[in-house]
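Subject: Handing over a structure

Dear colleague,

I am passing on to you the structure that I have been going through, and below it you will find my notes on what turned up. Please keep the view open while you read, so that you can look at each place in turn.

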There are 2 protein chains.
Amino acid sequence: MQPRTIMNNVAILDHEQTITRGHIKISNGTITEVSDEPFVPKSSLEDQDIVYDHEGKLLMPGLVNTHMHMPMSILRGVSDDLPLDRWLKEVIWPLEGKMTREMARAGIGLSLVESIRSGTTAFSDMYHLGRDDAHELAVSSGLKAQLTRGMITAFSNEQENEQKLQQASEFAKAMNNDSSGRLRGALFPHAPYTNSLSFLHRVRDVAKNDQLDVQIHIAETAKEVEEHVQQFGKRPVEHLLGEEIIGQGSLLVHSVHVSDDELEQMREANVSVSHNPQSNLKLGSGIAPVEKMVDKEIVVSLGTDSAASNNTLDVFTEMRQAAMLHKGTSNRADAITADDAFKMATVNGSKSIGFHKSGLIKEGYDADFILLDANTPHLQPYRHRVGTVVYAANKTDVTDVYVNGQAVMQNRVIVTLDEEKLLYEANRAQQELLGIHE
Amino acid sequence: MQPRTIMNNVAILDHEQTITRGHIKISNGTITEVSDEPFVPKSSLEDQDIVYDHEGKLLMPGLVNTHMHMPMSILRGVSDDLPLDRWLKEVIWPLEGKMTREMARAGIGLSLVESIRSGTTAFSDMYHLGRDDAHELAVSSGLKAQLTRGMITAFSNEQENEQKLQQASEFAKAMNNDSSGRLRGALFPHAPYTNSLSFLHRVRDVAKNDQLDVQIHIAETAKEVEEHVQQFGKRPVEHLLGEEIIGQGSLLVHSVHVSDDELEQMREANVSVSHNPQSNLKLGSGIAPVEKMVDKEIVVSLGTDSAASNNTLDVFTEMRQAAMLHKGTSNRADAITADDAFKMATVNGSKSIGFHKSGLIKEGYDADFILLDANTPHLQPYRHRVGTVVYAANKTDVTDVYVNGQAVMQNRVIVTLDEEKLLYEANRAQQELLGIHE
């Protein structure tokens, strides 16, 4: 018999079930049993069983962040209240130009610490710098990760661009074949407005040849869509779908300004969407038509975007915002329900970035879960409901994080990374980058 | 010389200043000095000085919640994703009909604990039950509070209604004269649609006679406004302003559906607004035109509404939502800035509910402040900015709460109330009310 870990005396919740007091069994990183009764050993415990008593806690799938830029966490707070184009051109791009590999690494470490403390068990990260560091630190962190080498090619020559594409493709394949089994790769051209159409065609061909999925920032602002229509006579989503640059397996990040026709085409093409409600709000980009996406059964997941435009990597607040915001724009209190938002933050997220056996507390699924302290005042009373988790829970309620049955955080102590060192390095990196000494 | 308390080696922030490392001095509940240098005793410390070292913490004004219904916290999570009218009629009012005084008291205790843990130093509470308990517990809590006896009179006879008004007025005067000096009163007829116009005239007359301010839920939903126009030929805000039922000193709760004309009248009348963005979103009521209010310099503050429609009493998330939401609806990243939102949550809130010397870290102001652990990952780096507090801080960062220089919470331990007992009672009350046994 395999050694088993048993999480006992715990409330269990996913978007399909609620158990007030039960247990789960884990073997080889997989959930082997979910029970609505506490575990009681028949005679004496098997020697190899480890039983944790989680009285007063709530066990649920870990949250999935389908879009972030880890190195940018050292830019948290450098610029608020500017629109996307000015924010990029006046503040972010000039600072990124000065970012060293060491600074990028510091941002990655900070992001991983924050993600773990926020109950994230899997994420997707795009950036052009620090990919080897992202690889190394993601493996160390114990989390599941899709890591991509982002590509902006509008300002470099063809040879350089081809090199970026080869690097991105090699990196993506290395991720898919990583020995940890916890990594995924994809091709991520930054956006239609930062890459030429001919380069996007090259991305399409390489993706097809190397069997890689494609992600892209698209239809983020009205301005982007207008300029795309001026240049190509088509809206960006319909255009790239028509050119087969995006399609089955693609993750469309933002998709704020998409027409009803485009939504129908997205459904037919079976693409998924990374909805980043807070980043879109903060940059004044607008509000994505998520209610319509859900009606069409397009797979919508949630992303925080970078900490420079959010300003946190907290999927709990994205989940709550997703449930709140679209009620407000539609004047309908059931526009996006708590269940819808919970699904976006868990099983839809896992699916969208290539982890198909994750996001449910279910036999045969990977043991990717978090534990919440359900005794905190803001969850009282009535604490074992999806609605209470979506509308009231806080990332700081998270006490434990497990991925593939392995502990990443236990009783609020991160066991995979040196948190103190990583925070120190993040502060030092920002001081160097900005010349700030607080 | 008066005994002094000195908060030393601390970052200090309000909407007028940022100090990276300084100190404040407090005497008799008042801030007597704010310095951007650490405190260094000249020779030996005066015996009576108490010096706290707050290295790594951030000191800022406490947050102000200008609208809640404390007893309803025991209804947290009972109903999600229903619109206001169905939510009230199908779920909330039937349950409230069964709420005993003991249950209301349990909800009040839970709300106070949650408010303290959320960094709230002053609040406004309206309900019809448990006012003596609210009085007693608010005094014990150490917080500043405006307490009102809410009035719904559309379903009772004139004699009963007159009795409610007398009770409300007596209670309001008692609050204004409370020996703690930390309480305020006001008259709070629930809404135009739950009180007849003739009753609202009585409220006006009593308010004038007894020198009491008036608060009211108004223009919360489009349906309310439509029905008001049908019945009276006028929109509710313009109508009640014209009848002088509301005016100088009044706090208009919600004000979601107000016309440009009404906004101008509100400015002229010098009324203030309690903006409850999350409750309005959750009930599908709409999004208040806060950008226009701020442009007109109408005093806007923030309220959580009850935990049954939010589902927390967390002004940090309201502040962030206020800064986020209106950027999205206006497509302008500076629609409501971090500074605007911070002001709403602090000094505007204090002013709106009658605490005029609170909301700034300034000589001569009441020592109403909170301390945040600035070393948490989600505030790193660049942690001493209003923007970072608004967009990234979390209620659970709050470590200490002081009101009039007196500790309410120290190092995350509530020193004024018995938290464990109050949480136990809240759960027991809900079990009794709903017959739930988790």
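Before we come to the loops, one term is needed: strands here are DSSP runs of E with at least two residues, numbered from the N terminus. With that in hand, Asn28(A) can be placed in the loop between β2 (17-27) and β3 (30-35) of chain A. Please bear in mind throughout that this is a predicted model.

Asn28(A) is worth a look for its backbone, since its phi is positive, about 50°, although the residue is not a glycine. In general, most residues other than glycine have a negative phi. Is Asn28(A) buried or exposed? Asn28(A) counts as exposed because 11 other C-beta atoms lie within 10 Å, and a residue is called exposed at 12 or fewer. A second case is Arg412(A), which is not a glycine either and has a positive phi of about 70°; Arg412(A) sits in the loop between β17 and β18 (413-414) of chain A, and it is exposed because it has 12 C-beta neighbours inside 10 Å.

The peptide bonds also deserve some care. As a rule, most peptide bonds are trans. In chain A, however, the bond from Asn310(A) to Asn311(A) is cis, with omega near 10°, and Asn311(A) is found in the loop between β14 (300-302) and α11 of chain A. In chain B, the bond from Asn310(B) to Asn311(B) is cis, with omega near 10°, and Asn311(B) belongs to the loop between β14 (300-302) and α11 (315-330) of chain B.

Turning to the helices, α11 (residues 315-330) and α12 (residues 338-352) of chain A have axes that come within 8 Å and cross at roughly 145°, and this crossing is right-handed. On the α11(A) side the contact is made by Val315(A), Glu318(A), Met319(A), Ala322(A) and Ala323(A), which meet Ala338(A), Ala341(A), Phe342(A), Met344(A) and Ala345(A) in α12(A). By class, the residues of this contact are nine nonpolar, no polar and one charged.

On a wider scale, the domain assignment divides chain A into domain 1 (5-61 + 357-414) and domain 2 (63-352), with 29 Å between their centres, taken over C-alpha atoms. Across the boundary, 24 residues of domain 1 of chain A are in contact with 28 residues of domain 2 of chain A. Which helix gives the largest share of the side of domain 1 that touches domain 2? That share, five residues, comes from α13(A).

The two chains also meet, with 55 residues of chain A in contact with 55 residues of chain B. Among the elements that give two or more residues to the chain A side are α2 (101-117) and α14 (419-434) of chain A, and this side has 22 nonpolar, 21 polar and 12 charged residues.

Finally, in chain B, helix α2 (residues 101-117) has 17 residues and reaches 25 Å from its first C-alpha to its last, close to the 24 Å expected at 1.5 Å a residue. This helix, α2(B), is mostly covered, with 15 of its 17 residues buried, and it is followed by Gly119(B), whose phi is positive, near 80°.

With best wishes

How values were computed. Residues are numbered from 1 along each chain as its sequence is written. Chains are lettered from A and ligands numbered from 1 in the order in which they are written. This is a predicted model: local features need pLDDT of at least 70, side-chain atom pairs count only at pLDDT 80 or more; totals for chains, interfaces and linings use all residues. Axes are lines fitted to C-alpha atoms, for helices over the stretch in contact, and angles run from 0 to 180 degrees between N-to-C directions. Helices (H or I, at least four residues) and strands (E, at least two) are DSSP runs, numbered from the N terminus. A crossing is left-handed if the near helix is turned anticlockwise from the far one by less than a right angle, and right-handed if clockwise. Two residues are in contact if their C-beta atoms, placed from the backbone, lie within 7 Å. Ala, Val, Leu, Ile, Met, Phe, Trp, Tyr, Cys and Pro count as nonpolar, Asp, Glu, Lys and Arg as charged, and the others, Gly among them, as polar. Domain bounds come from an automatic or database domain assignment. The expected span of a helix is 1.5 Å times one less than its number of residues. A residue is buried if 20 or more other C-beta atoms lie within 10 Å of its own, exposed if 12 or fewer, and partly exposed in between; C-beta atoms are placed from the backbone.
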